[in-house]
Each structure stands twice: as C-alpha cells, then as structure tokens.
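The following exercises are to be worked with the sequence and the coordinates at hand. Each task is followed by a solution in steps.

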Amino acid sequence: MEGASEREREFTLVARKPCFGLPTACPHCLPVFIYLKLAKIPFRLDFNLTFPDSDQVPYVESGAYVAYNNEKGGVIESLKEDGIVDLDLELRSLPEFISSKAMISSWLEEAIIYELWLGSDGTSAHNIYYADLPWPVGKLLYLKQIRSVKQRLGITKDNAERREAEIYRRANIAYEALSIMLGEDDFFFGRPSSLDAIFLGHAHFTLQALPEISLLRNRLVEHGNLVRYAEKHKSECLEAGSSSSSDMHFPPSSSASAPRQGPSHWSSKHKSKPKREKTEEEKTFRKRAKYFLAAQFTAVLLFLTIMRRSDDNELDLDDDDGDLDYE
Amino acid sequence: MEGASEREREFTLVARKPCFGLPTACPHCLPVFIYLKLAKIPFRLDFNLTFPDSDQVPYVESGAYVAYNNEKGGVIESLKEDGIVDLDLELRSLPEFISSKAMISSWLEEAIIYELWLGSDGTSAHNIYYADLPWPVGKLLYLKQIRSVKQRLGITKDNAERREAEIYRRANIAYEALSIMLGEDDFFFGRPSSLDAIFLGHAHFTLQALPEISLLRNRLVEHGNLVRYAEKHKSECLEAGSSSSSDMHFPPSSSASAPRQGSKHKSKPKREKTEEEKTFRKRAKYFLAAQFTAVLLFLTIMRRSDDNELDLDDDDGDLDYE
C-alpha cells in the first residue's frame with residue numbers, strides 16, 4: 001500500500017440511507033463519511049437497506065480490501081492501522097487525544113443510543129433503519145432493538161430514572177470538556193483528525209436527526225461554540241456531492257431474495273470477506289425465520305391442545321353418565 | 001456543611017469484604033476507600049456481605065447523610081458535589097482530567113468486568129461476592145450475573161471473540177495513554193485527585209485480585225511506570241489500619257436482619273432496606289413460582305395420561321354398549 005497510489009484507488013463506503021438532510025442518517029455511519037471527507041478521499045457512497053441490525057455496516061471497501069465496522073476498533077481505526085487513510089499521524093501518542101476519543105465513543109455514544117431508542121418516540125429510529133422494510137418486520141426488529149439497548153445500558157424498571165439522569169449528566173460533562181478544549185478553533189488539534197470526524201458526526205446527528213424537544217440536543221445547543229464548530233464544517237462534511245459518483249439503492253422487493261442479492265452483487269470481484277458476510281447475514285435471517293415458524297407452530301400446538309382437552313372434558317362427563325346408567 | 005467541622009464528623013464506608021490482600025476486594029468499592037485515604041479523612045469500614053448484586057454498595061454515611069454508589073454519579077462524585085470531600089478543586093474544568101476519568105470509568109471498567117466474570121474461571125468473583133452465601137444461592141446469582149454482564153457488554157456467541165479483542169484493545173490503549181500522562185510523577189496532576197483514586201483502585205485490583213494468567217493483568221504489567229506508581233502508594237492507600245477504628249463484620253446469619261443495622265439513621269437506609277428486601281422477596285417469589293410451575297406441569301402430564309387411558313376404556317365400552 002504505497003502513499004502514491006492511495007488517491008488512485010477507488011473507495012466505496014457502504015452505509016445506511018440518508019435522512020434528515022444528512023448524507024447517511026445512522027450515527028455509526030456518519031463519522032466514517034465525515035472522516036473520508038476531511039481526508040479529501042474521493043469515494044462512492046452505496047447504501048445497505050435490508051439489515052438494520054447488521055454490525056458490519058458501515059464498511060469501506062477498495063479492491064479486495066474491506067474494513068468493517070465491527071472489527072479492529074471500527075472502520076476509521078482500521079483505515080488508520082492499515083495505512084490507508086491516517087489523519088492522526090502526530091496525535092497518536094497524545095493522552096488528551098486518546099482520552100477525548102474514548103470519552104466520545106463511550107459517554108456520547110451511549111447518550112445517542114439512549115436518546116434514539118429510549119428517550120424519544122422512535123420516529124427517528126424508524127426513519128433511519130426500518131422505513132424500507134415491511135411494517136411487521138420493522139416493528140419486530142424495533143422492539144427487539146429496544147430490549148437489547150435496555151440490556152446494554154443496564155436499565156431496569158427500578159433504576160430507569162437514575163440511569164437516564166446518569167446518561168444525560170455524563171453527556172453534559174463530555175460536552176463541557178470538549179467545549180473548553182475547542183474554544184473557537186477550527187479543529188480540536190489544529191488540523192482535521194479522527195476526533196473531529198467522530199465529534200462532528202455526533203454533533204450533526206444530534207442537531208438534525210433528533211427532535212427539537214430532545215434533552216440531549218438541548219444540552220448540546222447550550223454550548224454555543226460546539227454548534228458554531230459544527231456549522232462551520234457543515235458544507236465540507238455533509239455534502240454528498242462531487243466526491244460520491246453514484247448512489248445505488250437496493251430495493252427491498254422480497255426479503256427472501258434481498259440477502260442474496262445485496263452481497264452477491266459485490267462479491268463477484270471480492271473473495272473471502274463478503275462471502276463471510278453473506279453467510280452471516282443469511283444465517284441471521286434463517287434464524288429469524290426459524291423463530292417465526294417456531295412461534296407459529298407453538299401457537300397451533302397450544303390451540304390443538306386446548307381444543308382436545310375441552311373435548312376430553314366433554315367425553316368424561318358423558319361417560320360418567322354412561323357408567324351410572326350401565327350399572 | 002462547614003469545612004472546619006468536616007474532620008470532626010464520623011464517616012463510615014460500607015463496602016464489600018476484604019480479600020486478596022485488599023481492604024475491600026470489590027472493584028467498585030476500592031476506589032472509594034482509596035479516595036478517603038488520599039483525602040486523609042478518618043473513617044470506619046463496615047462490610048455488607050449479604051447482597052452481592054446491590055447497586056447501592058459502596059456507600060458512605062455520616063450522621064443523616066448518605067452517598068450511594070448508584071446516585072449522582074457515584075460516591076466520590078457525590079462527596080465532591082455535596083462539598084464533603086473534594087480533592088479536585090482546581091481540576092474540575094481541565095478537559096484532560098475529565099476525559100481521562102471518562103476513559104477509566106468506561107474502557108477500564110468494562111475490561112475489569114469482562115475479566116472478572118467472563119475472562120477468568122470465576123474464582124475471584126466467587127471469593128469477592130459469594131463466599132459468605134450458601135452455595136446454591138451463590139451459584140444462581142453468579143450465573144445470573146454472567147448473563148447480565150454478557151448483555152451489558154453486547155456479547156453473543158457470534159461476536160464473542162471480536163468483542164473480547166475489542167475490550168482488551170481498548171484497555172491497552174487506555175493504559176498507554178495513562179502511562180504517557182503519568183511519566184514518573186507521584187500523581188497524575190501534581191496532587192492527589194479522584195483520578196488517582198480511581199486508577200489506583202483499578203490497578204491494585206488488577207494486580208492483586210486477578211490471577212497471574214489474566215490477559216488484562218499482563219497488559220497492565222507491561223507498563224512499568226504504572227506498576228511503580230501503584231506500588232509507591234500501596235501502603236498509603238491500602239492500609240486498613242489506624243484510620244479505620246473498627247471493622248465490623250455482619251454475620252450472614254439471616255439476610256432479613258442485616259439491613260436493619262441502620263437503626264440510628266432515618267430516611268435513606270430505610271429505603272435501602274425496603275429495596276433490598278423487595279429484591280429478596282422478588283427472588284423468593286420467582287423460586288416459588290418455578291416450583292409451582294413444575295408441580296403444575298407434573299400434574300398436567302399425569303392427568304393427560306390418565307385421560308388417555310380413560311378414553312381407550314370408554315371406546316371399548318361404547319362398542320360393547322352398542
């Protein structure tokens with residue numbers, strides 16, 4: 001991977017669909033988009049519409065190279081470690097750089113997840129993840145995701161209020177620290193870095209995809225310089241314009257064919273990794289189909305059992321009468 | 001709450017039992033202990049042995065004042081905000097102070113939780129939390145906790161390896177950053193602060209309570225200056241000696257009597273008692289419900305096979321009758 005050929009390579013970012021005026025509305029995808037923009041790397045933007053709970057999206061591919069969201073610390077870290085795109089060359093060993101990124105990817109990430117799934121009415125989440133799926137499937141996945149988020153954030157009926165207060169408190173502390181760190185500068189560390197990418201991603205998502213009554217959004221807006229910073233870079237970061245040559249949409253015609261159509265379209269030129277993705281996604285889909293069938297089967301079984309038992313009860317009564325007569 | 005009367009107040013820290021040479025072996029309790037030590041506040045150390053999954057422990061009480069673990073950001077933050085004990089006066093607004101504490105209480109906390117419950121054979125966890133409970137109860141709570149930790153860390157069969165790699169990777173990055181930040185200084189920011197308290201708590205726990213084969217422990221040991229820093233403050237931080245006048249052990253004779261120790265305090269410990277008892281009653285209900293369901297199922301199966309026999313007999317009877 002020589003530096004000279006970096007800009008000649010074709011990069012494709014596969015992310016979730018655009019919404020709310022954002023080129024991609026998913027809070028995990030947006031920082032990757034912005035990172036590539038800040039690095040001034042031309043790339044194509046493709047969309048994955050059929051697997052809202054896939055951990056692998058977003059991913060960046062180029063030739064046989066793929067950097068997935070759920071490996072090696074994520075897409076941005078993979079791109080850095082593999083020497084593809086590294087904005088953080090001099091910042092690697094700066095403790096405040098490292099700890100600030102840790103703070104954003106833990107406290108602010110939790111706050112976004114809470115706000116998106118538990119702190120609002122679910123409209124934003126629906127528009128981002130489920131708008132292209134048939135309603136029952138979308139609804140089921142949404143409920144499953146809510147339960148998963150509660151488990152991940154350790155929220156129960158007993159501690160729901162306390163946990164919510166804790167999440168907002170930490171988000172506000174993070175905003176304060178970042179606000180002090182930034183001041184009125186253009187970037188956190190003088191030049192564009194992955195820290196700018198992930199915080200700009202967070203800020204734009206919070207400002208545009210969350211409703212105006214959102215508590216998290218209100219906390220962010222209290223820090224004027226952070227909002228100005230986001231506005232300052234808006235056109236540079238969020239333009240889906242000249243860099244991405246074509247947007248390809250994959251219609252969700254039938255959910256049975258969708259898993260096979262998406263990955264197989266790309267895997268014609270790639271070998272090992274997309275094949276594994278197809279297998280994983282298909283495995284997940286088959287598992288879901290099995291659960292659904294099992295639920296149906298159980299319901300039918302229960303119904304038959306109840307019917308049969310009431311028949312048994314009727315027979316017993318008749319036979320008791322019959323026995324009495326017989327004697 | 002005047003500054004002058006601070007040192008005259010009696011403070012009691014209720015934490016989990018000591019083990020592994022640590023005054024309290026629970027990774028959430030140890031930083032609070034060390035914070036009070038660094039602040040040179042005399043306090044009594046009491047132990048809560050009966051509710052290993054209680055979110056309220058550790059807590060610090062003094063008179064009618066209580067600072068619980070699961071409120072207002074935790075015990076240390078409560079003590080600071082309420083003006084009781086604040087070591088961070090000039091550091092509050094320093095971004096690197098704030099972000100470093102965030103990094104420790106997210107990435108390193110997750111690493112400890114992973115290592116304690118999923119990354120080792122469970123001996124450490126058993127000794128810290130369940131050693132004083134009857135074996136079946138301890139085992140059940142342990143299994144329940146493992147499941148809860150997997151959910152919290154988002155670990156499934158499919159992604160277990162990836163998540164483990166991610167957790168260790170983040171822990172190592174955190175260690176590197178802290179190592180660079182500390183250098184060979186005595187404290188992270190010149191004087192003792194809550195950052196020192198929470199990292200010393202993490203470090204001593206990792207070095208002493210985790211087994212030597214622990215991957216997390218090995219990562220920490222790679223950073224020599226962090227280990228030296230921990231050793232430097234060991235006697236100051238971990239001595240359960242002169243500051244704490246008496247260690248009271250509460251025998252787990254009956255779990256119903258343990259919560260009533262707060263006879264001189266009013267509102268908050270009463271609420272704690274109610275919560276703990278509520279949890280205990282809920283568990284008892286689950287157990288009884290499970291028993292009841294098992295009995296029901298058994299009766300149902302027995303009855304259905306009786307019905308089947310009756311049906312056959314009656315069919316024969318009908319035929320004869322005709």
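**Exercise 1. A helix residue and its surface patch**

Task: In which helix is the place of A:Val300, and is A:Val300 buried, partly exposed or exposed?

Solution. The model is a predicted one.
Step 1: A:Val300 has its place in helix α13 of chain A, which covers residues 272-326.
Step 2: The relative accessible area of A:Val300 is 45%. Buried requires under 20% and exposed requires over 50%, so A:Val300 is classed as partly exposed.
Step 3: Together with A:Phe303, A:Leu304 and A:Met307, A:Val300 makes a nonpolar surface patch of about 390 Å².

**Exercise 2. Classifying aromatic pairs**

Task: How many aromatic pairs does the structure hold over all chains, and why is the pair of A:Trp117 and A:Tyr129 stacked?

Solution. A pair of aromatic rings is described by the distance of the centres and the angle of the planes.
Step 1: Over all chains, the count of aromatic pairs is 24.
Step 2: For A:Trp117 and A:Tyr129, the ring centres are 5.5 Å apart and the planes are at 25 degrees. Centres within 6.5 Å make a pair, and planes under 30 degrees apart count as stacked; the pair is therefore stacked.
Step 3: A:Trp117 belongs to helix α4 (residues 95-117) and A:Tyr129 to helix α5 (residues 123-130), both of chain A, so the pair ties together parts that are twelve residues apart in sequence.
Step 4: A:Trp117 has 6% relative accessibility and counts as buried. A:Tyr129, at 9%, also counts as buried.
Step 5: A:Tyr129 forms a further aromatic pair with A:Tyr130, with 6.2 Å from centre to centre and 50 degrees between the planes; this pair is tilted. Both A:Tyr129 and A:Tyr130 are buried.
Step 6: One aromatic cluster is formed by A:Trp117, A:Tyr129, A:Tyr130 and A:Tyr142.

**Exercise 3. Reading a sheet**

Task: What is the strand order of the open sheet of four strands in chain A, and which are its edge strands?

Solution.
Step 1: The order is β2-β1-β3-β4 in chain A, and the pairing is mixed.
Step 2: β2 (43-47) and β4 (65-67) of chain A each pair on one side only, and these are the edge strands.
Step 3: With direction ignored, neighbouring strands of the sheet are turned by 20 degrees against each other on average.
Step 4: Strand β1 (residues 11-15) of chain A runs parallel to β2(A) and is joined to it by five bridges. Among the residues involved, A:Thr12 has A:Arg44 in β2(A) as its bridge partner.

**Exercise 4. Backbone torsions**

Task: Where is the place of A:Pro58 and of B:Pro58, and what is the phi of B:Lys40 and of B:Lys72?

Solution.
Step 1: A:Pro58 is placed in the loop between β2 and β3 (59-62) of chain A. The peptide bond from A:Val57 to A:Pro58 is cis, with omega near 5 degrees.
Step 2: B:Pro58 is placed in the loop between β2 (43-47) and β3 (59-62) of chain B. The bond from B:Val57 to B:Pro58 is cis, with omega near 10 degrees.
Step 3: B:Lys40, a residue other than glycine, has a positive phi near 55 degrees. B:Lys40 sits in the loop between α1 (29-38) and β2 of chain B and, with a relative accessible area of 58%, is exposed.
Step 4: B:Lys72, likewise not a glycine, has a positive phi of about 55 degrees. B:Lys72 sits in the loop between β4 (65-67) and α2 (75-81) of chain B, and its 41% relative accessibility makes it partly exposed.

Definitions and conventions: Residues are numbered from 1 along each chain as its sequence is written. Chains are lettered from A and ligands numbered from 1 in the order in which they are written. This is a predicted model: local features need pLDDT of at least 70, side-chain atom pairs count only at pLDDT 80 or more; totals for chains, interfaces and linings use all residues. Side-chain values use heavy atoms; hydrogens and water are left out. Patches are made of residues with over 30% relative accessible area and no salt bridge: like charges are joined within 9 Å, nonpolar side chains (Val, Leu, Ile, Met, Phe, Trp, Tyr) within 5 Å. Accessible areas come from the Shrake-Rupley method with a 1.4 Å probe; for residues, only the protein chains shown count as cover. A salt bridge is a side-chain nitrogen of Lys or Arg within 4 Å of a carboxyl oxygen of Asp or Glu. Helices (H or I, at least four residues) and strands (E, at least two) are DSSP runs, numbered from the N terminus. Buried means under 20% relative accessible area, exposed over 50%, partly exposed in between (1.4 Å probe, protein chains only). Rings of Phe, Tyr and Trp (its six-membered ring) pair if their centres lie within 6.5 Å; planes under 30 degrees apart count as stacked, over 60 as edge-to-face and the rest as tilted. Two strands pair if DSSP finds at least two bridges between them. Axes are lines fitted to C-alpha atoms, for helices over the stretch in contact, and angles run from 0 to 180 degrees between N-to-C directions.
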